Amino acid sequence: MAGTKIRVRDLLVSYGAKEALSGIDLDIYENHVVGLMGPSASGKSSFISVINGMINFEDGARVRGKIRIDGFGELSGRHDHVALRKKVGTVFALPIPLPRSIYENVVFGAKLKGVPRSELNELTEVCLKKACLWDEVKNRLSESALKLSGGQQQRLCLARTLALRPEIILLDEPCSGLDPISTAKIEEALSELKRDHTIILVSNNTKQIARASDFVAFFYMGRLIEFGPTERVFTNPEDKMTDDYIRGKFG
Amino acid sequence: MRINPRLTDKVVRGGLTFQALFTVGILVLIVAVIFVKGFPYVTAEFIFSYPQDMGRLGGIFPSVVGTVFLGLLSIAFATPLGVGTAIYLTEYTKESSLTRIIRFGVESLAGIPSIIYGLFGFIFFVIKLKLGWSLLSGTLTVSIMVLPTIIRTSEEAIKSVPKNLRMVSFSLAATKWETVTRVILPSAAPGILTGIMLSIGRAVSETAAVIFTMGSSLRLPTSIMDSGRTMAVHFYILAREGISMEKAYATAVILVCSILIINIAAYYLMHKMIARYS
């Protein structure tokens, strides 16, 4: 068993009086894909935004509990967010390319991080290949990223995140707006990426979680209902609610 | 009785079209009058030679130079200050009583008549700071005058940059400042540029505030401590004192043309920028 990359203990997230997450204990293992599933408002996205520190942009959000990221340390709210995000990359639900060229999108973060200019071309190629996009864009890197299709844009967002060489990649429903073929390409990319990265995949789509993840956590109403190896959870869930959710009885 | 909706539609469309054409018509009329009266007297010599006999004879070269410098220097002063204020108000503070006070101040500044700016500039820059009637006094006064325009247009432009782009930038480990300079400002640039253009237009066409602070010397300004006379002021004095209506209108032609050129250049620049970032 690989080591624990992210250790979460007794996490509580609230927005004003409303609790989005409470009593969450979760260990995320290195170099695996961990799927977070659950109906909307179950707290999956809040969990993600705690890990990448984006929760601090939400008005009135409060975070309690202990989160330790291997190689970074304890998250405290006062930690260095820029340093954190060099370790933790995020791909959002909607593909949001920066209004620049494909090339400039990929190297945006890497340039800021100080990667030397001479390495940028190679980095672009490597990251676009990892995101399964290289063949489609290699001849038009200087074109605007906004001209790509939705599926291509999302893979570009993945490549752009990879260019920071993060240890952890968070994907917040990355395929919610994509067609099945683009979705398959993203999943294909993930299966390769987990060799070098720890991946958290949030999805509403239980089938995607079943296909793409090694471990799965089921969230419901801000609580972690069940966590375990994907195969075990999907064939033999311990909790009745997990069973109902997987069978599509609610959610 | 029910009004026929299709008839209403036609009447409204006709009315609105008329209003739009009327607006453009006024602009065309103004430009036409100035051109008819002034264009026959516009020659290259008029632009590049010195005035004689109070401007009754000769050209307007010193005024052209004075106008260009006043416009450019005012923008050079006002842009950093204005855009900086806009960035502060939109990105570095949450809505609070402080931002409301700043905004109220900016709006009040916009409502002050230019003659008041002129008097202030005269008392503060010319007399108190002993800068005299000079390009510098004029520039500083006009900068303050155009500041509200730049702040407001920049603020609107920055606000219209999608919030998502900020999130993406932060998620890619950019600092706040990197996000401002590399993501927000490039996206907001066309809007900011519009504000700058409006401000240049105001600066070069201002008379009251400029007469009090830059003076109306007809000599060629060779340093920022020299007095000078902008084209707008020259026009005003020629017409007001009945020195030469021909020269006055010819000056107006040059002034209107330069504003037109500035606007077209800005429009072109804006499109290039939009093309680059989309």
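Strands β7 (residues 168-172) and β8 (residues 198-203) of chain A run parallel in this predicted model. They are joined by 5 bridges. Within this pairing, A:I169 of chain A stands opposite A:I199 in β8(A). Strands of a sheet in general pair through backbone hydrogen bonds, either parallel or antiparallel.

The two strands belong to an open sheet of 6 strands in chain A. The strand order is β6-β7-β8-β3-β9-β10, and the pairing is mixed. Two strands form the edges: β6 (88-91) and β10 (223-229) of chain A. Each of these pairs on one side only. Neighbouring strands of the sheet are turned by 15 degrees against each other on average, direction ignored.

The sheet is one part of the fold. The secondary structure of chain A comes to 10 helices and 10 strands. Contacts between residues distant in sequence are frequent: among the contacts in chain A with a separation of 6 or more, 69% link residues 24 or more positions apart. Of the 251 residues of chain A, 49% count as buried. The C-alpha atoms fill a box of roughly 50 × 40 × 35 Å, taken along the principal axes. The radius of gyration of chain A is 18 Å. A compact globule of 251 residues would have a value near 18 Å, so chain A agrees with that expectation.

Two of the helices were examined as a pair. Packed helices are described by the angle between their axes and the distance between the axes. For α3(A) and helix α4 (residues 117-130) of chain A, the angle is about 110 degrees and the axes are 10 Å apart. Angles of 65 to 115 degrees count as roughly perpendicular, and α3(A) and α4(A) are therefore roughly perpendicular to each other. On the α3(A) side, the contact is made by A:Y103, A:V106, A:V107 and A:A110. On the α4(A) side, it is made by A:L120, A:L123, A:T124, A:C127 and A:L128. By class, the residues of this contact divide into 8 nonpolar, 1 polar and no charged.

Helix α1 (residues 44-51) of chain A is mostly covered. Of its 8 residues, 8 are buried. The buried residues of α1(A) include A:K44 and A:S45 at the start of the list, as well as A:F47, A:I48, A:V50 and A:I51. A:S46 and A:S49 of α1(A) are buried too. α1(A) is followed by A:G53, whose phi is positive, near 80 degrees.

A further buried position is found in helix α6 (residues 150-162) of chain A, where A:R155 lies. A:R155 has 28 other C-beta atoms within 10 Å. The cut-off for burial is 20 or more, so A:R155 is buried. Leaving aside residues up to four places away in sequence, A:R155 touches A:A131, A:C132, A:L133, A:K185 and A:I186. A:V202 is 47 residues from A:R155 along the chain, and the C-alpha atoms of the two are separated by 16 Å.

Chain A also meets a second chain. In this interface, 18 residues of chain A are in contact with 15 residues of chain B. Two elements of chain A give two or more residues to the side that touches chain B: α2 (81-87) and α3 (102-113). The largest share of that side, 4 residues, comes from α3(A). By class, the side of chain A that touches chain B has 9 nonpolar, 4 polar and 5 charged residues.

Key: Residues are numbered from 1 along each chain as its sequence is written. Chains are lettered from A and ligands numbered from 1 in the order in which they are written. This is a predicted model: local features need pLDDT of at least 70, side-chain atom pairs count only at pLDDT 80 or more; totals for chains, interfaces and linings use all residues. Two residues are in contact if their C-beta atoms, placed from the backbone, lie within 7 Å. Ala, Val, Leu, Ile, Met, Phe, Trp, Tyr, Cys and Pro count as nonpolar, Asp, Glu, Lys and Arg as charged, and the others, Gly among them, as polar. Two strands pair if DSSP finds at least two bridges between them. Axes are lines fitted to C-alpha atoms, for helices over the stretch in contact, and angles run from 0 to 180 degrees between N-to-C directions. Angles under 35 degrees count as roughly parallel, over 145 as roughly antiparallel, 65 to 115 as roughly perpendicular and the rest as oblique. A residue is buried if 20 or more other C-beta atoms lie within 10 Å of its own, exposed if 12 or fewer, and partly exposed in between; C-beta atoms are placed from the backbone. The radius of gyration is taken over C-alpha atoms; the globule rule is 2.2 Å times the number of residues to the power 0.38.
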